[in-house]
2 protein chains.
Amino acid sequence: MFKELNPLLHSELRLAVMSVLLSVESADFVFLREQTGATAGNLSVQIDKLQKAGYITVEKGFKGKMPRTTCAITQEGVSAFEEYVAALRSYIGKGL
Amino acid sequence: MFKELNPLLHSELRLAVMSVLLSVESADFVFLREQTGATAGNLSVQIDKLQKAGYITVEKGFKGKMPRTTCAITQEGVSAFEEYVAALRSYIGKGL
DNA sequence: TAAAGTAGTTTATAATATAAACCAAATTTT
DNA sequence: AAAATTTGGTTTATATTATAAACTACTTTA
């Protein structure tokens with residue numbers, strides 16, 4: 001009847017992060033913070049979870065002298081997102 | 001950019017309950033439990049939250065001698081659900 | 001060099017979801 | 001008819017989660 005909603009994606013901020021990353025090659029921490037409107041602390045935690053799940057890659061480098069964290073979605077992440085959307089459909093119908 | 005996801009609806013079980021109630025005139029506790037696969041305890045709690053939010057009505061009566069709880073979605077509940085779906089679209093695109 | 005800003009992380013707290021335990025009445029079994 | 005089981009739930013305890021606040025480390029500006 002209802003498909004299970006991947007709890008890692010069924011989170012407002014993590015879903016927003018994934019949504020942004022789906023539409024760009026890569027995005028840095030600041031960009032993600034701006035796009036999602038999240039606090040840095042919350043974003044930091046959620047990025048970590050997505051990375052540990054293998055849904056995104058996280059690279060820490062420097063832009064000049066300032067730290068810069070760059071994120072990108074993985075193929076696994078894309079698949080998980082697609083499955084999540086498919087599962088949602090079982091709750092919502094094609095009406096979405 | 002991203003619309004807020006009503007936290008009352010952004011819950012797997014509550015969303016499932018709302019989804020069932022959208023498709024029927026009314027449904028009793030047992031039917032909802034069967035359709036959602038939830039435990040009775042969890043369902044009881046989530047029904048309570050939906051009722052307190054004004055998204056469903058809950059009537060407690062008897063079927064013969066056995067207690068029977070009947071739920072139905074309210075107009076407010078329908079609207080909230082529709083808004084939730086619209087908000088989801090901002091995360092998911094029309095792809096849903 | 002002091003103050004303020006940047007880019008984050010860690011930690012504490014509050015809210016949530018969930019199942020386990022429980023309850024009362026009805027039904028079934030022995 | 002007593003005991004055991006089932007039904008239809010509710011309450012409570014626990015574990016997880018989301019979130020912001022506080023903090024760290026470094027850089028830029030005044």
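Colleague: At what distance from a phosphate oxygen of DNA strand D does a side-chain N or O atom of Thr69(B) lie?

Modeller: The side chain of Thr69(B) places an N or O atom 2.3 Å from a phosphate oxygen of DNA strand D. That is a polar contact (a pair of N or O atoms within 3.5 Å; within protein, one must be able to donate a hydrogen and the other to accept it, and residues adjacent in sequence count only if both atoms are side-chain atoms). The model is predicted: local features need pLDDT of at least 70, side-chain atom pairs count only at pLDDT 80 or more, and totals for chains, interfaces and linings use all residues. Residues are numbered from 1 along each chain as its sequence is written, chains are lettered from A and ligands numbered from 1 in the order in which they are written, and side-chain values use heavy atoms, leaving out hydrogens and water.

Colleague: Which polar side-chain atoms of Arg14(A) and Lys60(B) should I look at?

Modeller: For Lys60(B), take the side-chain N or O atom 2.6 Å from a phosphate oxygen of DNA strand D. For Arg14(A), a polar side-chain atom sits 2.5 Å from a phosphate oxygen of that strand.

Colleague: Which residues come nearest to DNA strand D?

Modeller: A residue is near a strand if one of its heavy atoms lies within 4 Å of it. Around DNA strand D there are 21 residues, and Arg14(A), Phe29(B), Ser44(B), Lys60(B) and Thr69(B) come nearest. Of the atoms of DNA strand D within 4 Å of the protein, 70% belong to sugar and phosphate.

Colleague: Which helix gives the largest share of that surface?

Modeller: Helices (H or I, at least four residues) and strands (E, at least two) are DSSP runs numbered from the N terminus. H3(A) gives the largest share near DNA strand D, with 5 residues. At least two residues each come from helix H3 (40-52) of chain A and from helix H2 (29-36), helix H3 (40-52) and strand E3 (66-73) of chain B. By class there are 8 nonpolar, 8 polar and 5 charged residues. Here Ala, Val, Leu, Ile, Met, Phe, Trp, Tyr, Cys and Pro count as nonpolar, Asp, Glu, Lys and Arg as charged, and the others, Gly among them, as polar.

Colleague: Which residues come nearest to DNA strand C?

Modeller: Ser44(A), Lys60(A), Thr69(A), Ser11(B) and Arg14(B) come nearest, out of 21 residues around DNA strand C. Side-chain N or O atoms of Ser44(A) and Thr69(A) each lie 2.4 Å from a phosphate oxygen of DNA strand C, and for Arg14(B) the distance is 2.5 Å. H3(B) supplies the largest share of this surface, 5 residues. Sugar or phosphate makes up 69% of the atoms of DNA strand C within 4 Å of the protein, and bases the rest.

Colleague: What turn lays chain B on chain A?

Modeller: Two copies of a chain are related by a rotation about an axis and a shift along it. Here a turn of 180° and a shift of 0.0 Å along the axis lay chain B on chain A with an RMSD of 0.0 Å (least squares on the C-alpha atoms of residues with pLDDT of at least 70 in both). The two copies are therefore related as by a two-fold rotation axis. Both use the same surface: 100% of the contact residues of chain B (contact means heavy atoms within 4.5 Å) recur in chain A.

Colleague: Is His10(A) buried or exposed?

Modeller: Buried means under 20% relative accessible area, exposed over 50%, and partly exposed in between (1.4 Å probe, protein chains only). His10(A) is buried because its relative accessibility is 13%. Among the residues His10(A) touches, not counting those up to four places away in sequence, are His10(B) and Tyr84(B).
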